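Student: I have a model open and a list of labels for it. Can we go through what earns each label?

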Amino acid sequence: MGWDQHLLTWFNAHQREMPWRSNPLPYWVWVSEIMLQQTQVATVIPYFNRFIAQFPTVEILAAANQQTVLKAWEGLGYYSRARNLHKAAQIVCNDHQGQLPDTYEGLQKIPGIGPYVGAAIASIAFSQPVPVVDGNVLRVFSRFWGIETDITKPQARVVIFSRLSPVIQAKTASNFNQAIMELGALICTPKSPNCTQCPLSFECIAFQTNRTTELPVKAKKAATPHYDIAVAVIWKDGKILIGKRKPDQLLGGMWEFPGGKQKPNESLAQTAEREATEETGLEIRVKDGFITVNHAYTHFKITLTAFNCEYFAGLASNKTTDEVRWVDPEELNDYPFPKANKKVVEAILAPKILAQTPLFEV
DNA sequence: AATACGGGGGT
DNA sequence: ACCCCAGTATT
């Protein structure tokens, strides 16, 4: 029996339940695979269930507005995935009669679908014998075949894709691809792989030569910089000013409080006032800071401090954002906020019990 | 080929 | 702290 058969047998016995596995409709596979990019299964499951309940078909997704889709994506990150999925749904409905292309090449013409998702949909939804090459696959086969190509280099994908292509078969393409990824997630883990339970260990070069800690070869990432950020929660007649970030940038289409990076020789309160004026044209004055949030993005880290601010003068304008809007505090949860700003929203809305002093002593 | 792009979980 | 995660688009 070949190693691929051992893999499939193991998968039949050990695969996890996932909502999109119960019924691999192309639309479900599509949505799940977009969500699963750089995101663990456990994180995706609740988002997937809510998303399918809210947008049960590609037509309903296409008809939704982008803000609704971003709100459904709120907290999941990589928001270009949501913007591309929404745009792609409209393309599929307008140009493809609501049907996804059913080939590896055709799928990759759809926005947001690259080599991985193209192969995943082609194999899982359409039984095409195309191998997926994700982070799990790179790790599993670097070890299994003793490949020493740095898996952060594009070349590693080419090498492993071409070696898997003659192995994968149409009849079992869906399970074959999912089995490798499941093996990578459950057994052939980055640290301390569970080789004693691995169905491929009998032929695994890394295991047989005791090199599982040396493979895969992977270049280290540079340390990310840290920035101090101040944001202004500007109050006027009981409303708060928020801005919508421009599309196709970091956190595009999401809402935020005006603010930015602290400059040298500047207090955080001064940062909040300067940035708020630069971004909105308003004249404001900081009253008090009320929360500090630490947050890590992909390429940098921030410490964000939020200040309650008093409005003095000016007409709010969208100098650096797509749109600015005065909203009631109770309306804040209707808007999609990225994580760090969401924590500021929660602090605004939280009852300030601890800050209150008793009205009278007994 | 290199870089930008979120956020959560594991060690 | 650092690494990793069912990657893609852009340069």
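**Labels and their reasons**

Tutor: Start with D248, which is exposed, with a relative accessible area of 71%. Keep in mind that this is a predicted model.

Student: Why is D248 called exposed?

Tutor: The label needs a relative accessible area over 50%. D248 has 71%, so D248 is exposed. D248 sits in the loop between β2 and β3 (255–256).

Student: What makes the phi of D248 worth a remark?

Tutor: Its sign. Most residues other than glycine have a negative phi. D248 is not a glycine, yet its phi is positive, about 60 degrees.

Student: Which other residue has a positive phi although it is not a glycine?

Tutor: D237, with a phi of about 55 degrees. D237 lies in the loop between β1 and β2 (239–244).

Student: Is D237 buried or exposed, and how do you know?

Tutor: Buried would require under 20%, exposed over 50%. D237 has a relative accessible area of 72%, so D237 is exposed.

Student: Why is the peptide bond from L215 to P216 called cis?

Tutor: Look at omega. For the bond from L215 to P216, omega is near 0 degrees, and the bond is cis. Most peptide bonds are trans. P216 is placed in the loop between α12 (205–208) and β1 (226–236).

Student: On to the DNA. What makes a residue count as near DNA strand C?

Tutor: One of its heavy atoms must lie within 4 Å of the strand. There are 27 residues around DNA strand C, and G112, Y116, D134, N136 and R139 come nearest. On the DNA side, sugar and phosphate make up 67% of the strand C atoms that come within 4 Å of the protein.

Student: How do you know that V117 makes a polar contact with DNA strand C?

Tutor: The cut-off is 3.5 Å between N or O atoms. A polar backbone atom of V117 is 2.8 Å from a phosphate oxygen of DNA strand C, so the pair qualifies.

Student: And what about P115?

Tutor: A backbone N or O atom of P115 lies 3.4 Å from a phosphate oxygen of DNA strand C. That is within 3.5 Å, so this pair is a polar contact.

Student: What does E33 reach on DNA strand C?

Tutor: A base nitrogen. A polar side-chain atom of E33 lies 3.3 Å from it, so this pair also qualifies. Two or more residues of the surface near DNA strand C come from each of α2 (26–36), α8 (115–124), α9 (135–144) and α11 (173–186).

Student: How does that surface divide by class?

Tutor: Into 11 nonpolar, 8 polar and 8 charged residues.

Student: What makes a space in the protein a cavity rather than a pocket?

Tutor: A 1.4 Å probe fits in a cavity but cannot get out, whereas a pocket is open. The whole structure has 2 cavities of 30 Å³ or more.

Student: Which residues lie nearest the centre of the largest cavity?

Tutor: R143, C188, C195, C198 and C204, out of 14 lining residues. The volume is about 110 Å³. α9 gives the most to this lining, with 3 residues. By class, the lining has 11 nonpolar, 2 polar and 1 charged residues.

Student: And which element gives the most to the lining of the second largest cavity?

Tutor: β2, with 3 residues. The lining includes L241, I242 and G243. The second largest cavity has a volume of about 60 Å³. Its lining has 5 nonpolar, 4 polar and 2 charged residues.

Conventions
Residues numbered from 1 in each chain as written. Chains lettered and ligands numbered in written order. Predicted model: local features only at pLDDT ≥ 70, side-chain atom pairs only at ≥ 80, totals over all residues. Heavy atoms only, no water. Polar contact = N/O pair within 3.5 Å; in protein donor to acceptor, adjacent residues only side chain to side chain. Helix = DSSP H or I, 4+ residues; strand = E, 2+ residues; numbered from the N terminus. Nonpolar A, V, L, I, M, F, W, Y, C, P; charged D, E, K, R; others polar. Buried < 20%, exposed > 50% of the residue type's maximum accessible area, 1.4 Å probe, protein only. 1 Å grid on protein atoms, 1.4 Å probe; cavity = no way out; pocket = protein on both sides within 12 Å on 5 of 7 lines; lining within 4 Å. Points joined across faces, edges and corners; volume = space filled by probe spheres on them.
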